[in-house]
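Grab a pencil and work through these exercises with the model open beside you. Try each task yourself before you read the solution.

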Amino acid sequence: MHWWIRGYATRGSEWRRALGRLWRSRLALVGLAIVVALVVVAVFAPWIAPYSPTKINLRERLKPPSVAHPFGTDDAGRDILSRVIYGSRVTLRICVLVVGLTLGIGTLLGLISGYFGGWVDEVLMRVSDVFLAFPALILAMAIAAALGPSLENAIVAMVAIWWPRYARVTRGQVLSIREIDFVAAARAAGASSTRIMLRHILPNCISPVVVQATLDLGEVVLTAATLSFIGFGAQPPTPEWGAMVSVGRNFLRDYWWYTTFPGLAILITVMGFNLLGDAVRDILDPRLRRGP
Amino acid sequence: MLAFFIARRLLLLVPTLLGVLLITFLISHIVPGDAAQLIAGPRATPEIIQRIRQEYGLDKPLHIQFAIYLGQVLRGDLGKSIRTRRPVGADIRAFFPATFELTTTAMLLAVLLGIPLGVISAVYRDRLPDHLSRVFSVIGVSMPIFWLGLLLLFLFYIRLGILPGPGRISGDPPAHITGLYLFDSLLTGNWRALGDAALHLVLPSFTLAFAVLARITRMTRSSMLEALAQDYVRTARAKGLHERWVVVRHGLRNALIPTLTVIGLSYGELLGGAVATELIFAWPGMTHYVVGSMTSLDFPAVMGVTLVIAIIYITVNLLVDITYALVDPRIRY
């Protein structure tokens, strides 16, 4: 019996044990706290941020951190703290869109590939090989640049480079589940392929995919920020952390706070996702249990 | 047997490479707007644009264009850059050594520091060195490379002034032999250039190495822990072998196999990370060149560089697979 199927059958107790493990791991709790804080900040940004993230105030240009502006101000006199706070919304939106879309597309293609096998499988896997043959960032840059630099196109580019991972993980799972008795039973009972795939196979192969998705969240944030930093993602004056560091770079010599705080926000967010991702992997996939 | 394995792997590369070519081709043809107009510049007359369209084959159907492109690439012709007006191949040859020098130094740094760190971490499991190295690796894999580069530049160049700033060298580069400054200055006995180029490499290569270093440390630690828990390690200890000998011969040797995979996979990350690093440190490398080409929609250059980078990445992964098969006799595909 495979561990994930067993886990599915006795879901209640497994979940309770999993939560217990999460609670005992201090690093995982730190990760969880960071992610919860990110979501809270993003949701309540208008109430938390002391100033508007985009309102220009040239009299307050490039002011160092102070009580009025804890993170200082940028070259247009905007409050950097408020921009970092609003930036969490942009980051969260990217995460949800990229991971949601890749999860959907990748899982569907992996399901089809693994279930039908044959030439469908061969074609889909060769296509995913090709996408994996490029260093991810380079391919994302090329696609984003060709479509025209914007946040939306950067998201499209990231979905394009990310789906093969989910397709592969799902396919691997499907292959090992396809031959198990309950699938044969469903088939004998006359269930359609679609029904077997969605009702019997998908629920049993979803947890490694969820693990992969949680582990990827941090990388999605990093890639999005890098694309914006290079100029192929969010465009200024959007309060996006990577784009803020990119503009701040021109003021590095005398105004250190400009790049420091948005960059710190990226580091802490990615760290939160990574710590949480490790914990989720340990909980859902005991075979891969390896400490950070 | 090994030769058969390598031949099979090489054969499997053919469809992948064709796919890579198709993707680079398609990407450069989703460029919004009229490519011929772009090449001709804003003041071109309709006749000139028409002539350019013919010259670049842009008036032909897409599949014919792809066939022409394929033929050119197979002959080693990557086309002419719109921005620099030079053959893309020549541009790549000019910018490649800087990237190669940077990524290789970074990889060496990551391997030479990461493996010992991982071993120390595993040997001192759950004690202070282990905690420190684990915190370091969590930060390392979460660090935005571009931000780390800016921090280091600010601290060591702007504030402390103990390391040189952007660029590969101050003053004249060494006589051109390979284009690798360290190598060229060694060959020509140009000690000033050697020292200067080495100092210029410190910040960018460390910036680039950081994430990979963290990943290697992490992987070495966990595979060391696994190896040290094996029965043969207990046997070796029971035999009374020296602990250091046990760690290195019985632990590390077996732990290196998973680490090797991480190194191979990380090479792609290094090439990606080189983009931000070269940008920040004004490093005249291939990725610096390609960002410029992408910004100005210079599609022959984008296609050429993307293709070359993909080939490098594929080759490195192939080498890792072969090494894998060499060091672990159980692996045969």
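**Exercise 1.** How much area do chain A and chain B bury between them, and what share of it is on carbon and sulfur atoms? Then work out what chain A brings to the contact.

*Solution.*
Step 1: Keep in mind that this is a predicted model. Chain A and chain B bury about 4,100 Å² between them, and 77% of that is on carbon and sulfur atoms.
Step 2: Look at who takes part. Chain A puts in 42 residues and chain B puts in 47 residues.
Step 3: Hunt for salt bridges across this interface, and you end up with one. It joins Arg218(B) to Asp278(A), with the closest N and O atoms 2.5 Å apart.
Step 4: Now try polar contacts. There are five residue pairs of that kind across the interface, counting pairs with both residues at pLDDT 80 or more.
Step 5: Find the helices on the chain A side. H6 (118-132), H7 (136-147), H10 (193-230), H11 and H12 (257-284) of chain A each supply at least two residues. The largest share, 11 residues, comes from H12(A).
Step 6: Sort that side of chain A by class, and you get 30 nonpolar, seven polar and five charged residues.

**Exercise 2.** Describe how the two domains of chain B meet.

*Solution.*
Step 1: Mark the bounds: domain 1 covers 18-74 and domain 2 covers 95-327 of chain B. Their C-alpha centres lie 37 Å apart.
Step 2: Count the residues in contact. Domain 1 of chain B gives 12, and domain 2 of chain B gives eight.
Step 3: Check the area. The two domains of chain B bury about 900 Å², with carbon and sulfur atoms giving 91% of it. On the domain 1 side, Val20(B), Thr24(B) and Ser28(B) supply 39% of the buried area, more than any other three residues.
Step 4: Look for salt bridges between these domains, and the count is zero. Residue pairs in polar contact, both at pLDDT 80 or more, also come to zero.
Step 5: Name the helices. On the domain 1 side, H1 (2-29), H2 (35-40) and H4 (62-74) of chain B give two or more residues each, and H1(B) gives the most, with five.
Step 6: By class, that side has 10 nonpolar, two polar and no charged residues.

**Exercise 3.** Where in chain A is confidence lowest, and where is it highest?

*Solution.*
Step 1: Start with the average: chain A has a pLDDT of 87, and 89% of its residues score at least 70.
Step 2: Pick out the extremes. Helix H1 (residues 3-9) of chain A is lowest, at a mean of 45, while helix H11 (residues 241-248) of chain A is highest, at 95.

Notes:
Residues numbered from 1 in each chain as written. Chains lettered and ligands numbered in written order. Predicted model: local features only at pLDDT ≥ 70, side-chain atom pairs only at ≥ 80, totals over all residues. Heavy atoms only, no water. pLDDT = per-residue confidence, 0-100. Helix = DSSP H or I, 4+ residues; strand = E, 2+ residues; numbered from the N terminus. Contact = heavy atoms within 4.5 Å. Buried area = accessible area lost by both parts, 1.4 Å probe. Salt bridge = Lys/Arg side-chain N within 4 Å of Asp/Glu carboxyl O. Polar contact = N/O pair within 3.5 Å; in protein donor to acceptor, adjacent residues only side chain to side chain. Nonpolar A, V, L, I, M, F, W, Y, C, P; charged D, E, K, R; others polar. Domains from an automatic or database assignment.
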